[in-house]
Amino acid sequence: MTAMNTGGSTFSMPLGPVHVALEEPVYFHLTVEGETIRKVDLTSGHVHRGMEAMASQRNLTKNTTLTERVCSLCSNSHSFTYCMAVENVLGLDIPQRARYLRVLAEEIKRVASHLFNTAIQAHLIGFKSLFMHIMEVREIMQDVKETVYGNRMNLAQNCIGGVKCDVTPELLVYILSAIDKMKPMLEEIRDIYATNSMVLGRTKGLGLLPQEDALRLGVVGPVARGSGLKMDVRKASPYAAYPELEFDVILHSGCCIHSRTTVRLDEIFESFRLIIQCCKRLPGGPTIASMRQIRSAEACARTEAPRGEVFYYIRTNGTDIPARLKWRVPSYMNWEALGVMMKDCKVADAALITNSIDPCVSCTER
Amino acid sequence: MQDVIRNNAHIIKNLTLCSETGTVHHTTDSFGNAFHWFRLGTPRHLTRAAGLLREAGARLCMTTAYNRRHLSEPMQEICYHFELAGVVYNLTVTLNGEWPVVPSITHLFANADWHEREMMELYGVNVTDHPNPRRLFLDEEFDEGILNQAVPLSIMMNGACTTDLWERVLKNREKLS
């Protein structure tokens, strides 16, 4: 790492593009005064894959597979929202059983995603045993994914008109038993995050994003909810089986790293509530509705991914290849907030603050 | 459908005044969520329409720039997607095909910054009065339109058995001559 004198008492310091908080490239230019960050500028684009251009060369069915590969931890949310956009443009109504099965897959992914971010935070703090413990607990959810869907990351559960994989009653019992096993372990982890002096010392009151800045920058997901903004697509415009299920929107108003982590940890328990309800109330019937004729039309759809709102827009031209498919991932809205969060913080906290927005570079750049 | 419109009658009425006549329509998804669609006659109306949404407390969700080449028209369009109280408002702006220009709305919605920079570098749309008109993903040293010169790997690899690559070569020769 080299620092460059920019005149006066401030220095310009490059950070990245590799190894800031994740194994994904993003390049920060920090203007520092001694140990303190005064200004943040970021450069991205290292992993731009031209996926939107690829989407307008593939048919609607193939795009389900493509969109699932936009992001790894939110993979299911992308195919989910994409399928919803296509269903909206075709005027397709999906079966009741498929609505529940979609929520089930989405919430299983949310638990695994939130646990991954929390584990990385422990790793960045230097709390290695906690990091390993959370990863071990997360492995139970990974096993659930592999057992039920056959894969640990890309579940390939969503398809246009419904879901691909039906879940048998035996598997529902297995999912419930996995949650029973995880719950006490997570309560313990939540307790560590609430009381451990090492965790609190590095996260509480640091990386502040005041509510008015959160509103101004239009941040989404746990970043918004950690600054006290009530924003959850599952409640604001309910979709799939969410209107019929009971869960609470988790809000914390600490505006700091710790506040965002607490939102994620509490949300895991809400996801458990949703998974249990899905398993117990799963209606019978078909899991897929057949596709209809493709008209020239436009439609959009949005859902709440682990990192926040995902937005899809599709325009069809009467063929099976979309004229335009555009999506916006939650991280895209959250990056600019880092400028506010890092200001007047220590250089040593830059990685922890970056991790607190649960960033995803690959999906930001597509 | 009438219920959906009644809830937001005031803002819909004002946005309709900014739109071309007969272009406003309303849709719902199968879960009853509302989407309102407006088409602005000229990019000049954008600032006013976006201002109305700003006053109402809406949030910018996304912007979509696209070519209408797939629909056999040379024009470009931009669709601005806003959200207010769970309802999505879409404003579509048709751009001049020769010289696509649109005013910046970053002074109204801070999060339009990235979207507008992306439109500038990937869609060749000129955004006027942008407070920070730097490249977003591509390095500043790249020439404009550099990505158009690249041949996709799939076209290059299938060059021997399909006509795509050859047609590209012919097209470039026409351009150069």
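**Group meeting talk: two chains and the contacts between them**

Okay, let's start with one residue in chain A: A:Leu176 sits in helix 6, which covers residues 169-195. Before I go on, keep in mind that this is a predicted model. Is A:Leu176 buried, partly exposed or exposed? It counts as partly exposed, because its relative accessibility is 22% and the buried label needs a value under 20%. And what does A:Leu176 touch, if we skip its neighbours within four places in sequence? The answer is A:Ile276 and A:Cys279. For a sense of scale, take A:Ser79: A:Leu176 is 97 residues from A:Ser79 in sequence, and their C-alpha atoms are 25 Å apart in space.

Now for salt bridges. Over all chains, the structure has 37 of them. One of these joins the side chains of A:Glu139 and A:Arg152, at 2.6 Å from N to O. A:Glu139 belongs to helix 5 (residues 128-149) of chain A, while A:Arg152 is in the loop between helix 5 and strand 5, 13 residues apart. Both ends are partly exposed: A:Glu139 has 29% relative accessibility, and A:Arg152 has 31%.

Here's another pair, A:Arg281 with A:Glu246, at 3.2 Å from N to O. This one links distant parts of the chain, with the two positions 35 residues apart: A:Arg281 is in helix 11 (residues 257-281), and A:Glu246 is in the loop between helix 10 and helix 11. Again we get partly exposed residues, with A:Arg281 at 35% and A:Glu246 at 44%.

Next, let's cross over to the other chain. The side chains of A:Lys326 and B:Glu118 form a salt bridge too, at 3.3 Å from N to O. Why does this pair join two chains? Because A:Lys326 lies in strand 9 of chain A and B:Glu118 lies in helix 4 of chain B. Both of these residues are buried.

So what does the whole interface look like? Chain A brings 41 residues to the contact and chain B brings 35. The buried area between them is about 3,400 Å², and carbon and sulfur atoms give 58% of that. Three residues, A:Arg315, A:Arg324 and A:Tyr332, supply 17% of the area chain A buries against chain B, more than any other three residues. Between the chains we count six salt bridges, and there are twelve residue pairs in polar contact. Several elements of chain A give two or more residues to the side touching chain B, including strand 7 (296-305), strand 9 (324-328) and helix 12 (330-334). Strand 8 of chain A gives the most, with six residues. By type, that side of chain A divides into 19 nonpolar, eight polar and 14 charged residues.

Let's finish inside chain B. B:Glu116 is in helix 4, residues 112-123. B:Glu116 is buried and yet has no salt bridge; the nearest side chain of opposite charge is B:Arg117, 9.0 Å away. What lies 2.8 Å from a polar atom of the B:Glu116 side chain? That's the backbone nitrogen of B:Ile105. B:Glu116 also touches B:Pro103, B:Val127 and B:His130, among others.

Last stop, helix 3 of chain B, residues 46-55. Its buried residues include B:Leu46, B:Ala49, B:Ala50 and B:Leu53. In a helix of this kind, residues three or four places apart point the same way, because an α-helix has 3.6 residues a turn. The buried residues of helix 3 pack against elements of chain B, among them helix 2 (9-18) and strand 5 (87-94). After helix 3 comes B:Gly57, with a positive phi near 90°.

Note on methods. Residues are numbered from 1 along each chain as its sequence is written. Chains are lettered from A and ligands numbered from 1 in the order in which they are written. This is a predicted model: local features need pLDDT of at least 70, side-chain atom pairs count only at pLDDT 80 or more; totals for chains, interfaces and linings use all residues. Side-chain values use heavy atoms; hydrogens and water are left out. Contact means heavy atoms within 4.5 Å. Buried area is the accessible area (1.4 Å probe) that two parts lose on being put together, summed over both. A salt bridge is a side-chain nitrogen of Lys or Arg within 4 Å of a carboxyl oxygen of Asp or Glu. A polar contact is a pair of N or O atoms within 3.5 Å; within protein, one must be able to donate a hydrogen and the other to accept it, and residues adjacent in sequence count only if both atoms are side-chain atoms. Helices (H or I, at least four residues) and strands (E, at least two) are DSSP runs, numbered from the N terminus. Ala, Val, Leu, Ile, Met, Phe, Trp, Tyr, Cys and Pro count as nonpolar, Asp, Glu, Lys and Arg as charged, and the others, Gly among them, as polar. Buried means under 20% relative accessible area, exposed over 50%, partly exposed in between (1.4 Å probe, protein chains only). Lys and Arg count as positive and Asp and Glu as negative; His and the chain ends are not counted.
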